[in-house]
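Colleague: Could you take me through how helices are read in a model such as this one? I would like the general idea, and then the case at hand.

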Amino acid sequence: MLLNIKNLHVEIDGKEIIKGLNLGVNQGEVHAIMGPNGTGKSTLAAAITGREGYEITAGEIWFKGTNIVDMEPDERANLGIFLSFQYPVEIPGVSMTNFMRTAINAKREYQGLPPVPAGEFLKMMEEKKNLVEIHSKLTNRSVNEGFSGGEKKRNEIFQMAMLEPSLAILDETDSGLDIDALKVVAKGVNQLKSGENAFVIITHYQRLLDYIVPDFVHVLFDGKIVKTGGKNLALELEAKGYEWIKEQHLFEA
Amino acid sequence: MEVQQNDNILEQVTTSDYKYGFYTDIENDMAPPGLNEDIVRFISAKKEEPEWMLEFRLKAFRHWQNLSEPGWAHIQYPKINYQDIIYYAAPKKKSLASLDEVDPELLDTFNKLGISLEEQKMLSGVAVDAVIDSVSVKTTFQDTLAKHGIIFCSFSEAVREHPELVKKYMGSVVPYTDNYFAALNSAVFSDGSFCFIPAGVRCPLELSTYFRINAANTGQFERTLIVAESGSYVSYMEGCTAPQRDENQLHAAIVEIVAMDHAEVKYSTVQNWYPGDKEGKGGVYNFVTKRGLCKGRSSKISWTQVETGSSITWKYPSCVLMGDNSVGEFYSVAVTNNFQQADTGTKMIHIGKNTRSTVISKGISAGRSNNAYRGLVKILPGAVNARNFSQCDSLLLGDQCGAHTFPYIEAKNETSIVEHEATTSKISEDQLFYCNQRGIDTEKAIGLIVNGYAKEVLNKLPMEFAVEAQKLLAITLEGSVG
Amino acid sequence: MSGSRSNICLKLSMKTKETTQFQDLESLLTAQFEQHSERIAEGDTPAMKSLRMKHFEAFKAVGFPDSSHEKWRFTDIESALNQDFCHELSASRSDRNIEELFRCEVHNFRSEIISVLNGWYHSENGPLFTNEDGVIYGSVKAAKIAYPELFDARYGHLAHGTANSFVNLNTAMVQDGVFIYVPKGVEASRTLQIIKMIDRDENVFVQNRQLIILEEGSKLSLMHCDDSINHHTSLVNTVTEVFVGKNAHFELYKLQNLNDASGLINNTFISQEAGSNVRTNTLTFNCGMIRNNIEVALNGPGAHADVLGLYLMDKQQHVDNQIRILHNAAHCTSNELFKGILDDEATAVFNGYIYVKRDAQKTNAYQNNKNILLKPTARINTMPFLEIYADDVKCSHGATIGQLDQEAMFYLRSRGISQSNARLLLMYAFAADVINMINIEGLKSRIDDMVKKRLRGELSVCEKCVLHCGTPEKEYHFDIDLSKL
């Protein structure tokens, strides 16, 4: 199993947000995590990637056979975990090219490989840019600085393409995107999908799942996965809303 | 190209400590420690100077004796005993006609510095004047420059060969009465560079001076004088290093620039004197007076500095905008770490009509250091339509350091517009996490973000310097991650 | 008129008749103190007495500053001091009708008036009074006898350093002033208004003191007017200490409106505890030489301070604002904005100073000074300083010097507005940022009026007040809606 989360409990400022979550993801799978606002979807992404301030009070996160809960965020990234941020961060003065090259070489260093030669790197940039239909001029600008919302999200997918992670977590990548941008993002993800990697797509709405078809859909409620199903579950949620899940969950509890 | 550079820079981050801290065993000709009129005479005699030069030195010395050390800057250091310092130290072998005659030890020094004179000559087309301790040891490319009528030589040589020019301009921008350290320098300066660009000539090469303090207990007191005649252009670079020593060393230099009508002088500095160790022991006191006079109409003087070294920096490269429509610029990155202290900035004195000045300063403080921007913008009554824009930002890394901004603005003309902006911030945790998530560790991420922060200034440096400067930023901040 | 006075007033004359030897004001004042210290210290607690001595010794040792002093480089304090003065040792009496003198009617603005004549407390409610809200106020002279513990615990505790000569002199020699105490949880429903009048037929040097204490959770808005009534030279040296307790709210509006021969040295120290909120607004309309030293110390987390000022100077007037904001605790915010318009040969100095102490994390501090010069002879020196020792902070500052926007001028004129009206409009719009920060509606509209008058070059005084030298002005209307600017 690529990712195996066992009985995960996460606190922010002493308040428990994730309350005993279990999730297993195999290579080649696409998992969608859905749920109403404030149920812990983004917290889950932060806990997997090791964001500061998200304290894991109990449970384990196994990735490629290692429990990663004590690892630094950059080590987890180099191990193959990628997060497409809900709100990509601006870094003034640091060009995209420079940023990407530093990231790729950090990963190569981690793998014991020499830095990527300049020519090869630039070729790779060109290829991946086409994949997400990103303008050349964007990669000459500072990281995310002055990018529109859609450009920022496409830039996240571009970085994913460059870094070729084994596990990509897409945190609300569809929020703030118009339908054309959504299609471009989905196209990029579908082209990157292989039998070797896996995707966890965090989303509030079903519409992204029209374009990236999930193998499993999980409903997160009150810090736990309360329901798991196939892609039809997403359609059911779209039609019926989350209320029935809440009622069912509360009833069971 | 950019990709390549940054890559190298980040590799440099992993090497530790001050890498220029070696000491070269060169035989030195030294004066006994201490300062009195006899020492001043000794220096002058050693340099076989004409009478007028000695008179200038003695006047400066007598004036200095009546001054007291300034105390207004935001810096603290134990009292300097001016009688403990050696005011003259020169590598013994002198007067070299070709590189073959240069002391092999000295050549080795340059190689360690990464400035093989020969290589510089061949590859980069940069003309270099190297000053070790007090004496200018080698000026390259003199012949090529001579074809354009450009004079680029050691200050001593200029005193001998071009006395009329030296007499006319020396002290015309920074008089010996200017301040305590300027008076001291005027009395005991040992050598330096002189540069004269004739009217209408665009200097085909980047001119460059490397300064190195080598001998123990010595002070370095060099002087640079640049004169740009009407319509000329020159870009001048200055670099410096010193060995690692436990005691503090004093560096008190003077740089004077004169720009005539439509002339333009670009002066770039990468200052990397030994900053002292992690406990704050040792390091260079860098007390420097740098000033440019935009004498002619539409003249322009631009200062760019990257300050990473010295235990204490006290310097305010300034522009006196006398000619109508003249332009002054100041771009600065000052990084302090461990126990370093910097009090640096600029003075823009607007005298002529339609004069313009721009000040961009980026201060980065880490460790237990203190980093202050101090600047004066003065608009005199005749400076009709004068404009100034200043932006002074500070970045704090760690909670034991200080970042300070002390701008002084004096306006005496109602048609002037002066704007000053400043912000103080730290690297956001979001930015660090974003980099971490892409696999970049925190130290590298800080290097990346700091270089991005300083980019506006680094872009103003000539290419050769920009690469070195970026490396230095990363090295200086090493180990500053809490 | 002066014949009817029975108070003791000591002449501080530079040239004595007996000798041609020049005597400076310093030695005259120290001699006066030494001779009359019993009388000056009357009613002091032992602690206050020793405080006086400490500051007296400091004053004696250092004396007055001069222009070689870094903090006085741009303000000519020497000529302000180089005059003959009278220094009163007992309360002034005025032949004018005091009630009439202090009558101050502002539409929509209910205030309770505390009057101070030549530095001496004067009120029809007697030396100590508790108003219907429970706010206690009175003279410093009476309060120190009534509340000795309070004075021992607070008086001189903010103005404690001996580096400031004028604070030294004041603490050594001051005899009276205003005391205000707002007990825990008391919210004053009416603005208190201190009106300080100078009225004497000779030059007078006045020491004056305020001690203001707001206990936890209390609320007070205070207006503080400095006015002069005649053309004589006066020099007023005021020290104000304000203690703002936990979660207390304090607003201070200072109106400085003295004649061109007057000098005002105003030292205000404010200390804020956790969660407190302070707004000071220093409005300088007229005065020969004015120096405002304002220090606000944010000593508890969650405190906020707005420190604002507006100065409109002309002729040869001079204003010097020295503002220190000390962020001594984490999670505090401050906002400093000073704006000035300088006409004729007026000069202004602004020195803002934000200090962020080590560990005062999450500080958010903003400082701005904006100036307009109207004439080639007007001068401004501005020094917006930051000194920061904590890393997790947001501090920014700015300073600008400029003129009225010529494009805006043209735009207004192209809409048919006269040049002079367009000028007024733009100046008014420039000043509006500060005026809009006045929370009390009635006061805001009055100050608004005063600013408009001042900008037209008229005396900006209250309509019903005897102080105004002309007839009440009619309401002034601009041609277009200002809110659209």
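Modeller: Helix α7 of chain A, residues 179-192, has 14 residues and reaches 20 Å from its first C-alpha to its last, close to the 20 Å expected at 1.5 Å a residue, where the expected span is 1.5 Å times one less than the number of residues. Helices here are DSSP runs (H or I, at least four residues) and strands are E runs of at least two, numbered from the N terminus. This is a predicted model, in which local features need pLDDT of at least 70 and side-chain atom pairs count only at pLDDT 80 or more, while totals for chains, interfaces and linings use all residues. Residues are numbered from 1 along each chain as its sequence is written, chains are lettered from A and ligands numbered from 1 in the order in which they are written, and side-chain values use heavy atoms, with hydrogens and water left out.

Colleague: Which residues of α7(A) are buried, and what covers them?

Modeller: In general, an α-helix has 3.6 residues a turn, so residues three or four places apart point the same way. In α7(A), the buried residues (under 20% relative accessible area, 1.4 Å probe, protein chains only) include A:Ala181, A:Val185 and A:Leu192, and their cover includes α4, α6, β9 and β10 of chain A.

Colleague: How do two helices of chain C, α1 and α7, cross?

Modeller: Two packed helices are described by the angle between their axes and the distance between the axes. The axes of α1(C) and α7(C) come within 10 Å and cross at roughly 35 degrees, and the residues of their contact (heavy atoms within 4.5 Å) include C:Phe33 and C:Leu169.

Definitions and conventions:
Axes fitted to C-alpha atoms, helices over the stretch in contact; angles between N-to-C directions. Buried < 20%, exposed > 50% of the residue type's maximum accessible area, 1.4 Å probe, protein only.
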